[in-house]
Amino acid sequence: MRARILVPLALAVAAILVGAAGFLLLYPQDPSARPIVSGALPGGPFRLTDQTGAILSDADLKGRPFAVFFGFTHCPEICPTTLWEMSQALQVLGPDADRLRMLFVTVDPERDRPEMLQQYLQSFDRRIVGLTGSPEEIAAVAKSYRVYWRRVPTGDGDYTMDHSAMVYLMDADGRFTELIAYGTPEPERMAALRRLIAGT
């Protein structure tokens, strides 16, 4: 009986450790270190709807670097904190902020329609663009950016979303450059954004 319990437990622990190792490889815990990525880099084509109902595609962003954060409007802490930090960063950047696009892509398209995004983003810098789409479109974009996300039912019959908590930095050609991890101190966060704008 004991062996029957221990063997599956050992396999589960091994799976967790392998997954953690892969996560750390892509997202190192030292926020000043650029990620070491093997295989396909995050990023890819997309065509989504912004908070005004207009269509925005990756082709529209060519020639200008951009930052992408995946989240949802019902997020209790990580999303509003990250969007507030990005809003503050845009203010600190001053005129250089106009050389950068900031995108917030929902992983909860069922609730986050354009009107919901528009209302939610009023609390943050007006230059942050919210994007939504069909569940299939969002799933495709999340997959191309190697974003982890899943729907989690709650006890009251509602649901929340688990998701990656990183800001993806993309250069003027739409190529991935580095990540800003959740909780990164402001100096490192600003340095990464300045590198992105400078193209270094």
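1. **The E8–E9 hairpin.** In this predicted model, five residues sit between the strands of the hairpin formed by E8 and E9. Glycine 174 belongs to this hairpin and has a positive phi near 80°. The two strands are antiparallel, and five bridges pair them. Strand E9 covers residues 176-181. One pair to look for is valine 167, which stands opposite isoleucine 180 in E9.

2. **Strand E8 from both sides.** Is E8 enclosed or open? Five of its five residues, 166-170, are buried, so the rest of the structure largely encloses the strand. The cover reaches both faces. Met166, Tyr168 and Met170 are buried on one side. Val167 and Leu169 are buried on the other.

3. **The link from E8 to E3.** E8 also pairs with strand E3, residues 66-71. These two strands run antiparallel, with four bridges between them. Phenylalanine 66 has methionine 170 of E8 as its bridge partner.

4. **The overall plan.** Now step back to the whole protein. Its secondary structure amounts to five helices and nine strands. Starting at the N terminus, the order is α-β-β-β-α-β-α-β-α-β-β-β-β-α. The protein has 200 residues, and 42% of them count as buried. Take the contacts with a separation of 6 or more: 70% of them join residues 24 or more positions apart. The exposed surface is about 10700 Å², and carbon and sulfur atoms supply 58% of that area.

5. **The nonpolar core.** In soluble globular proteins, nonpolar side chains tend to be buried together. Here the largest nonpolar core has 51 residues. Which of its members touch the most others? They are Val68, Phe70, Leu103, Tyr145 and Tyr168. Helix H2, residues 78-93, gives the most to this core, with six residues.

6. **Leucine 103 up close.** Leaving aside neighbours within four places in sequence, leucine 103 is in contact with residues that include Phe66, Ala67, Val68 and Phe69. Its other contacts include Phe46, Leu56 and Leu61. Val129 and Leu131 are also among them.

7. **Helix H4 has a buried face.** H4 spans residues 135-144, and its buried residues are Ile138, Val141 and Ala142. Looking down the helix axis, these buried residues fall within an arc of 100°, so they line one face of H4. An α-helix has 3.6 residues a turn, so residues three or four places apart point the same way. The buried residues of H4 pack against E1, E3, E4, E5 and E6. On the other side of the helix, Glu136 and Lys143 are exposed.

8. **Arginine 146, after H4.** Most residues other than glycine have a negative phi. Arginine 146 is not a glycine, yet its phi is positive, about 60°. The residue follows H4 and lies in the loop between H4 and E6. Is it buried or partly exposed? Its relative accessible area is 32%, so arginine 146 is partly exposed.

9. **Glutamine 51, a buried loop residue.** This residue is in the loop between strand E1 (47-50) and strand E2 (55-57). Its relative accessibility is 14%; the cut-off for buried is under 20%, so glutamine 51 counts as buried. What lies beside the polar atoms of its side chain? The backbone nitrogen of glycine 130 is 2.9 Å from one such atom. The backbone oxygen of isoleucine 128 is 3.4 Å from a polar atom of the side chain. Beyond neighbours within four places in sequence, glutamine 51 is also in contact with Val129, Pro114, Leu117, Gln118 and Leu121, among others.

10. **Histidine 163, a buried strand residue.** Histidine 163 is in strand E7, residues 159-163. At 13% relative accessibility, this histidine counts as buried. A polar atom of its side chain lies 3.2 Å from the backbone oxygen of phenylalanine 70. Not counting residues up to four places away in sequence, histidine 163 touches a set that includes Phe69, Phe70, Gly71 and Phe72. Cys75, Ile78 and Cys79 are also among the residues it touches, as are Val107, Tyr148 and Trp149.

11. **Threonine 81 and a long step in sequence.** Threonine 81 lies in helix H2. With 27% relative accessibility, threonine 81 counts as partly exposed. Tyrosine 182 is 101 residues away along the chain. How far apart are the C-alpha atoms of threonine 81 and tyrosine 182? The separation is 9.0 Å.

Conventions. Residues are numbered from 1 along each chain as its sequence is written. Side-chain values use heavy atoms; hydrogens and water are left out. Buried means under 20% relative accessible area, exposed over 50%, partly exposed in between (1.4 Å probe, protein chains only). A polar contact is a pair of N or O atoms within 3.5 Å; within protein, one must be able to donate a hydrogen and the other to accept it, and residues adjacent in sequence count only if both atoms are side-chain atoms. Contact means heavy atoms within 4.5 Å. Two strands pair if DSSP finds at least two bridges between them. Accessible areas come from the Shrake-Rupley method with a 1.4 Å probe; for residues, only the protein chains shown count as cover. A nonpolar core is a set of buried Ala, Val, Leu, Ile, Met, Phe, Trp, Tyr and Cys residues joined through side-chain atoms within 4.5 Å. The arc is that of the directions from the helix axis to the C-beta atoms.
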